[in-house]
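Welcome! Please take a look at the protein shown here, and then let us walk through it together, step by step.

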Amino acid sequence: MIHMTLERIRTNWTKALAPAVAIAAVMAIAACQPDSSDPPPSDAAQSASRVKDTALKQPSEPAPAQVGSRATTSFPDEYFYFGSRRSAALRNMEGQQAKPLTVKNWIGEAQTLSDLKGKIVVVDFWATWCRPCVNALPHNVELVNQYKERDVVFIGVHDAKRGSESMATVAQQSRINYSLAVDDGGQSARAYNVTFWPTYVVLDRQGVVRAAGLEPGSVERVIEKLLAEN
């Protein structure tokens, strides 16, 4: 009887802990969170259970939407980290004119978003300490090669707090073929409501934020849809 009771207690504890362990594992794989010393973003924390692997599930097709007075394309939640429970701060930027990037220590040609109007711009907020960010770099390079003749530009904005001293080394190892810079005092991350890395933000030819918080595997889909608009 005692043995059966202990076994029942052990089984109940295992069932209770399983969801928390699973969520922690998914978050570790999907995106890098801020340092433990940083205040945790409530939206990201609440959304942990919704993270999906885009390699395992193909998202549905985008639906028509409105940006200003123009008929455009919006994108399904499956394209984004945390799905339908993704950050409201990121979601609310979509349809708004992109804010300037405040950066320094460029590797490659210095870029300004105002000068890039007329092009589709992918801004990758990343860091050398973030394994998912580094793992996504080769795909960024492939997309730059694929779309360089179609007015698509990538900019990498490195985290201000740490790791930027390794940026040049990582860029060389990954054969980065687009411009990189360091966020100046975290001003760009704050302006773009970045709370996890990598955070991909895509701007259309008018300099409007069209998708914020994309999973790396969905960036190409957004590029294709924006190219089709024109």
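The mean pLDDT of this predicted protein model is 81, and 69% of its residues reach 70 or more; pLDDT is the predictor's confidence in each residue, from 0 to 100. Over residues 16–29 the pLDDT is below 50, and this stretch has nine contacts beyond near neighbours in sequence, a contact being heavy atoms within 4.5 Å. Another stretch, residues 36–71, also stays under 50 in pLDDT, and the model gives that stretch 68 contacts beyond four places in sequence. Because the model is predicted, local features need pLDDT of at least 70 and side-chain atom pairs count only at pLDDT 80 or more, while totals for chains, interfaces and linings use all residues. Residues are numbered from 1 along each chain as its sequence is written, and side-chain values use heavy atoms, with hydrogens and water left out.

## The overall picture

The secondary structure comes to seven helices and eight strands. Both kinds of element are DSSP runs, numbered from the N terminus: helices are H or I with at least four residues, strands are E with at least two. Of the 230 residues, 45% count as buried, where buried means under 20% relative accessible area, exposed over 50%, and partly exposed in between (1.4 Å probe, protein chains only). Among the contacts with a separation of 6 or more, 75% are between residues 24 or more positions apart.

## The sheet

In what order do the six strands of the open sheet lie? The order is E3-E6-E5-E4-E7-E8, and the pairing is mixed. Strand E3 (103–107) and strand E8 (209–214) are the edge strands, each pairing on one side only. Neighbouring strands of this sheet are turned by 20 degrees against each other on average, direction ignored; the axes behind such angles are lines fitted to C-alpha atoms, for helices over the stretch in contact, and angles run from 0 to 180 degrees between N-to-C directions. In general, strands of a sheet pair through backbone hydrogen bonds, either parallel or antiparallel. Here, two strands pair if DSSP finds at least two bridges between them.

The table lists three of these strand pairs.

| Strands | Sense | Bridges | One residue pair |
|---|---|---|---|
| E5 (residues 152–158) and E6 (residues 179–183) | parallel | four | Ile 155 and Ser 179 |
| E4 (residues 120–126) and E7 | antiparallel | five | Asp 124 and Tyr 200 |
| E7 and E8 | antiparallel | four | Val 202 and Ala 211 |

Strand E7 deserves a second look. Five of its five residues are buried. Both faces of E7 are covered, with Thr 199, Val 201 and Leu 203 on one side and Tyr 200 and Val 202 on the other. The hairpin of E7 and E8 has five residues between the strands, and there Gly 207 takes a positive phi near 80 degrees.

Another glycine, Gly 186, is found in the loop between E6 and H6. Is Gly 186 buried or exposed? Gly 186 counts as buried because its relative accessible area is 12%. Its C-alpha atom is separated by 7.1 Å from that of Asp 159, 27 residues apart along the chain.

## Aromatic rings

How many aromatic pairs does the structure hold? There are seven. Rings of Phe, Tyr and Trp (its six-membered ring) pair if their centres lie within 6.5 Å; planes under 30 degrees apart count as stacked, over 60 as edge-to-face and the rest as tilted. The pair of Phe 75 and Tyr 79 is stacked, because the ring centres are 6.0 Å apart and the planes are at 25 degrees. Both Phe 75 and Tyr 79 are buried.

Tyr 81 and Phe 196 form an edge-to-face pair, 5.3 Å centre to centre with 85 degrees between the planes. This pair links distant parts of the chain, 115 residues apart: Tyr 81 is in the loop between strand E2 (70–73) and helix H3 (88–93), and Phe 196 is in the loop between helix H6 (187–191) and strand E7 (199–203). Tyr 81 is buried, with a relative accessible area of 4%, and Phe 196 is buried at 1% relative accessibility. Ring pairs link Tyr 81, Phe 82 and Phe 196 into a cluster.

## Cysteines

The structure holds zero disulfides, a disulfide being a pair of cysteine sulfur atoms within 2.5 Å. Cys 32 counts as buried at 11% relative accessibility, and Cys 130 is buried with a relative accessible area of 0%.
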